[in-house]
Amino acid sequence: MNYDFGEIEAKWQRIWREKRTFRAVFEAQRKKYYCLEMFPYPSGSGLHVGHLKNYVPTDAFCRFKSMQGYNVLHPMGWDAFGQPAENEAIRRGRNPREMVPEYAATYRDTLIKAGCSYDWEREINSSLPGYYKWTQWMFLLLHRRGLAYRATAPINWCPACKTGLANEEVKDGRCWRCDTLVEKKPMPQWFFRITAYADRLLADLEKLDWSEGMKEMQRDWIGRSEGAEVDFVVAGGDPLGGDRTGARRDGRQGRTIRVFTTRPDTLFGATFMVLAPEHPLVQLITTAERRSDVDAYVRRAQGESEIDRLNAERTKTGVFIGAFAINPANGQKIPVWIADYVMMGYGTGAIMAVPGQDARDWEFAEKFGLPIIRTVQPPAGFEGKAYLGDGPAIHSDFLDGLRIADAKQRMIAWLESKGLGKRAVNYRLRDWLISRQRYWGAPIPIVHCPNCGEVPVPEAQLPVLLPDVENYQPTGTGESPLAAIPEFVQTTCPACGGAARRETDTMGGYACSSWYFLRFADPGNDAAFASRPALDYWLPVDQYTGGIEHARSHLLYARFWTKVLFDEGLLGFEEPFLNLRNQGSLLALTPGRRPRPQEGGGEGGEKIVDWIVLKHDERERYPADEVVWRWARMSKSKGNVVTPDDMTRRYGADSLRVYEMFVAPFEDDVHWSEEGIQGSHRFIARVWRWLQAALPLYRRGWRDSLTRPGTPEAGYAAAPVNSIEQGVTRGPAERLVRRKLHQTVRKVGEQIETFQFNTAVAAIMELLNEIYAYAPLEKEALAGGVDPAVVSELAETLTLLLAPFAPHLGEEIWQGLGGGDTVYRAPWPSFDPEVAASESVNVMIQVNGKIRDKVVVPLDCDEETVKVEALRSEKVRQHLAGRPIVKVVFVRNKMLSIVCK
Ligand SMILES: [Zn+2]
Ligand SMILES: [Zn+2]
C-alpha cells in the first residue's frame with residue numbers, strides 16, 4: 001500500500017522516453033500550444049530546487065494544455081555560448097567545448113528526474129555549428145538591412161572579463177557577470193541598430209499579455225521623450241552649425257551646440273550651458289586662460305565611473321571654459337561650462353541649463369553664482385527653489401501667460417520658423433553593442449579587405465567555424481584570442497579574391513538567444529533557420545516563462561529580431577512572446593556574519609558590504625552570536641543549495657513538484673523549507689492510499705449511472721442508496737462530495753490557466769479532505785454506505801486533476817483505472833455547472849419558540865451567516881422588538897432559534 005515512488009517514477013520516466021510521449025508532431029489540423037521557458041546556460045553547479053520554481057509549474061501547465069487537447073510543443077535547449085560558460089571554463093581550466101555538453105547532460109538528467117515533459121528530440125545547443133550557422137546568417141541579414149554596423153565608440157569595458165559589454169549587461173555601473181566596475185574605452189565595435197525599432201518596440205507592448213511592471217521596465221529602458229532640438233551658436237563662432245556633436249558636413253568642426261530639451265517652453269530661462277567633458281567642442285572653444293583648469297577637470301572626469309557621475313546625491317562640480325553661446329530666444333550671451341554629470345552617451349552631450357525649472361540646474365547655478373530666471377509662475381506662497389509644476393509663462397516674451405503644454409508648441413513652431421531648432425524625439429535606448437573580444441561565441445561573419453572594405457561572408461560559406469584552440473583566455477589587448485590564430489585570420493576576400501583578414505570579434509550570447517525560440521519549430525533544418533510551414537504552425541510562443549532580470553536585454557533583443565525577420569518577410573508575426581510570466585525566486589536561510597571594519601568597503605567605489613556569507617567549513621570558526629542568518633537566493637557560492645536530485649531521491653519527484661507549486665504564488669519569492677516538502681509528501685501518500693483503496697470499487701460505467709441531484713428536500717427524504725445499477729437519486733452526502741468535486745474541477749482549471757498553481761493545489765487538498773470525510777477508505781476496500789459510482793467518479797477525476805502536478809502518480813493510477821496509453825493525453829475533466837452550483841436551503845427562524853419567518857441561504861451555511869440574514873427579516877425584528885438576545889440555537893440547514901428577554 002505504501003507509495004514506492006522510487007520505482008514508480010523511474011518506471012514512468014522510462015516509458016515516456018520509450019514511447020516518445022512528449023514528442024511534438026506537426027499536425028496542421030490540430031490546435032497547437034507552444035510553451036517555453038527561457039533556455040538556461042548550463043552551469044557547473046547543476047540545477048538547484050530554486051530553478052524548478054520555473055520549470056515545474058510551467059511543466060504542469062504544458063501537461064494541462066495537452067489534456068485540454070492541444071498539440072503541445074515544450075522544448076528545452078542550452079544557451080551555451082557567451083561569457084557565463086567561458087568564465088566558468090576559465091575558472092575550472094576546462095575547454096568549454098567539452099565542458100558545456102557535460103553540464104547540459106547533468107541538467108537534462110535532473111529535469112527528466114523531476115518528471116518534466118520536454119520533447120528532447122528538439123534539444124538545441126547554441127554553441128554547435130549547426131545552430132550558430134544561423135546566428136551568423138541572421139547577422140548577415142541585419143547587416144544587409146543596414147542594422148549591423150561597425151563604429152568606434154567609447155564602450156563599456158569590463159577590465160576583469162577583458163571584453164566590451166552591451167549597456168544592458170551593465171548593472172549599476174558593474175559587469176553583469178563579475179561585478180567589476182565597468183570602464184569607458186573607445187574601440188571599433190559592432191552594433192545592432194535597435195534604436196531604429198524603438199518606436200515599434202514601444203508601441204507593440206500594448207499587444208502583449210505581460211505584467212504591467214514588465215512592460216514598464218521596457219518602456220523606461222526605451223525612454224522615449226518628446227521635445228525639441230535647439231541650436232546655440234557659440235559667440236564669435238561659426239554659424240554654419242553641424243551635427244549633434246558640432247561636426248559639419250564639410251568635415252570641419254562646427255561651432256554650434258545642439259541640445260535636446262523636453263522643455264522648450266523654458267528657453268527664455270536658459271542662463272548657461274553645460275557640456276560633457278568629452279564633448280568634441282570643448283577642446284575647440286576653451287579659451288587659453290581657462291585651458292589648464294579645463295584639462296585638469298576633463299582628466300579627472302575620465303577616471304570616474306558612470307554610476308558616480310550620474311549619482312544625483314553628489315555635490316555638483318564643474319568649470320567655466322571661457323566661451324559663451326547665444327540663447328536663440330533672446331540673443332543673450334550665456335556662459336558655457338563643463339560638468340561630469342552631463343554624459344556624452346546621453347542625448348547630445350550638452351544641455352541648456354534652466355535653473356528656474358530644474359532642480360539640478362538650480363543647485364549648479366546657486367553653487368557657482370549663475371543667474372536664475374523663472375519662466376513659469378509658481379503658485380502664491382511657493383517657497384521652494386526650482387519650480388517644476390505647471391503655471392503661466394513669465395519673463396518669456398511671446399510665451400507669457402501660456403501654460404506649459406501650449407508654450408512648448410508655440411516655442412517649437414517659432415524655432416522651426418526661424419530655422420533655430422525643430423521638434424524632436426529622444427530615446428534613452430542606445431544601439432546594441434554585439435562585439436565581444438572573447439573566444440566563446442559565434443564568429444562575426446565579416447571579412448576585412450584592403451580593397452573592398454567590410455565584406456560579408458557569402459551564405460554558402462557559413463558557418464564560419466570557431467577554431468578549436470588550446471588557449472582561449474581573453475587577451476586584454478582589445479583583440480579577441482582569435483586574432484592570434486593566423487589560420488583563422490588569414491583568408492581571401494569573397495569579393496575580389498585578394499588577401500584579407502577575418503573579423504576576430506565574436507557575438508555576445510544575447511545574439512544566440514534572440515532567435516532560439518524559432519529554431520525549436522524545426523531544429524534539424526540545414527537549409528533554413530526553420531521551415532516556413534513549421535514556423536507558421538508553431539509560432540509565436542503562446543506562453544513564455546522566465547526571470548524578470550531579462551526585461552531590458554533578452555526580451556527586448558528577441559522582440560527586435562522578430563520584427564526584423566517579419567520585415568524581411570520571413571515570419572508572419574511581429575511579436576514572439578504573446579504571454580509572459582515571471583517566476584519568483586526560492587530563498588534559502590543562509591548563515592553569514594557582519595563584516596570587520598576593514599571589510600566594510602564603501603571607499604573608492606567599492607560595494608558596501610553589510611553581510612558576508614559563511615561557507616560550510618567556516619561556520620564553526622565563528623561563535624553563534626556572530627553568525628547572522630538571512631534569506632538569500634540559492635547559489636553554489638553561498639553554500640545554501642538544495643538539489644532536486646537529493647529531494648527526489650528522498651521524497652519523490654511528485655512531492656517535490658507539488659511543493660514547488662503549493663508553497664507560494666508563481667511570481668512570489670519563497671522561503672525554502674524541508675518541512676514544506678515533507679507536507680507535500682504526506683499529501684501524495686494520502687492520495688495514493690485512498691486511490692489504492694478505491695480501485696477495487698471502480699466501475700468504468702459510473703457516468704451513466706449518476707444522475708443529477710434532486711432538490712434538497714427530495715434529497716433529504718431519500719435514504720442513501722448504494723445500487724449504482726438503478727441510477728437512483730443520491731443522498732445528501734453524495735451530493736455534497738460531488739458538488740465539492742465539480743467545484744474543484746472548475747477552480748483548478750481556471751487557476752492553472754492563470755498560473756495560480758498554489759491555490760489549485762490547495763483546492764485539491766481540500767477536495768481530498770472531503771473525499772476522506774465521505775469515504776474514509778484506507779486499507780479496507782469498502783467501508784459501508786458509500787456509493788461505488790460516486791467513488792468511481794471521485795477516483796477518476798482526482799487522478800486527472802492531479803496528473804499535471806504529480807504526473808508519475810497520475811500515470812500509475814490512470815493505468816490502474818484502465819485509462820489507456822498515457823494520462824498526458826487523457827481529456828481534462830469537465831464539470832457540470834448544476835452539480836457545482838451551491839444549493840440553497842430554507843432555514844426556519846424561531847423567536848422564543850415560535851416560527852416567525854424563513855430565510856434562503858446556501859446549503860451548509862454557518863450560524864453567523866444565517867443569523868445576519870434572520871436579523872434582516874422585518875418579521876423577525878418585529879418579534880424581537882429590540883430586546884437583547886440571550887441565546888441562539890442553530891441546526892445546520894434547518895433552523896435558527898433565537899431566545900430574547
Ligand atoms: Zn566582468
Ligand atoms: Zn576585396
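Mentor: Let's begin with a word we will need: a residue is called buried when its relative accessible area is under 20%. Keep in mind, too, that this is a predicted model.

Trainee: Thanks! With that in hand, what makes helix α2 largely enclosed by the rest of the structure?

Mentor: Count its buried residues: 16 of the 16 residues of α2 fall in that class, so the helix is largely enclosed.

Trainee: How do you know what span is expected for α2?

Mentor: The expected span is 1.5 Å times one less than the number of residues. Helix α2 covers residues 52-67, which is 16 residues, and the expectation is 22 Å. From first C-alpha to last, the helix reaches 22 Å, close to that value. Just after α2 comes Gly69, with a positive phi of about 100 degrees.

Trainee: On to the metals. Which atoms are called the protein donors of the zinc ion (ligand 1)?

Mentor: A donor is an N, O or S atom within 2.8 Å of a metal such as this one. The SG atoms of Cys158, Cys161, Cys175 and Cys178 lie 2.3 to 2.4 Å from the zinc ion (ligand 1), and they are its protein donors. Along the chain they follow the spacing C-x2-C-x13-C-x2-C.

Trainee: And why is the arrangement around the zinc ion (ligand 1) called tetrahedral?

Mentor: Four donors earn that name if all angles lie between 85 and 135 degrees. Around ligand 1 the angles are 100 to 117 degrees, so the arrangement is tetrahedral. For comparison, the ideal angle for four tetrahedral donors is 109.5 degrees.

Trainee: Which parts of the chain do Cys158 and Cys178 tie together?

Mentor: Cys158 lies in strand β5 (residues 148-158), while Cys178 is in the loop between β8 (174-175) and β9 (183-192), so the pair ties together parts that are 20 residues apart in sequence.

Trainee: Are those two cysteines buried or exposed, and how do you know?

Mentor: Cys158 has a relative accessible area of 0%, so it is buried. Cys178 has 31%, and partly exposed means between 20% and 50%, so Cys178 is partly exposed.

Trainee: How do you know that β5 pairs with other strands?

Mentor: Pairing asks for at least two bridges between two strands. There are 10 bridges joining β5 to β9, and these strands run antiparallel. One example is Ala151, whose bridge partner in β9 is Gln189. Strand β5 also pairs with β6 (residues 163-165), again in the antiparallel sense, over three bridges. There, Trp157 has Gly164 as its bridge partner in β6. The hairpin of β5 and β6 has four residues between the strands, and in it Lys162 takes a positive phi near 55 degrees.

Trainee: What makes the site of the zinc ion (ligand 2) tetrahedral?

Mentor: Its protein donors are the SG atoms of Cys449, Cys452, Cys493 and Cys496, at 2.2 to 2.3 Å. The angles they subtend are 106 to 113 degrees, which makes this arrangement tetrahedral. The spacing here is C-x2-C-x40-C-x2-C. Cys452 lies in the loop between β19 (446-449) and β20 (453-456), and Cys496 in the loop between β21 (490-492) and β22 (499-502), so the pair ties together parts 44 residues apart in sequence.

Trainee: Why are Cys452 and Cys496 called partly exposed?

Mentor: Cys452 has a relative accessible area of 37% and Cys496 has 39%. Both values fall between the 20% and 50% limits, so partly exposed is the right term.

Key. Residues are numbered from 1 along each chain as its sequence is written. Chains are lettered from A and ligands numbered from 1 in the order in which they are written. This is a predicted model: local features need pLDDT of at least 70, side-chain atom pairs count only at pLDDT 80 or more; totals for chains, interfaces and linings use all residues. Side-chain values use heavy atoms; hydrogens and water are left out. Donors are N, O and S atoms within 2.8 Å of the metal (3.2 Å for Na, K and Ca); water is not among the atoms, so sites may look incomplete. Four donors count as tetrahedral if all angles lie between 85 and 135 degrees; four count as square planar and six as octahedral if opposite donors are over 155 degrees apart and all others between 65 and 115; anything else is irregular. Helices (H or I, at least four residues) and strands (E, at least two) are DSSP runs, numbered from the N terminus. Buried means under 20% relative accessible area, exposed over 50%, partly exposed in between (1.4 Å probe, protein chains only).
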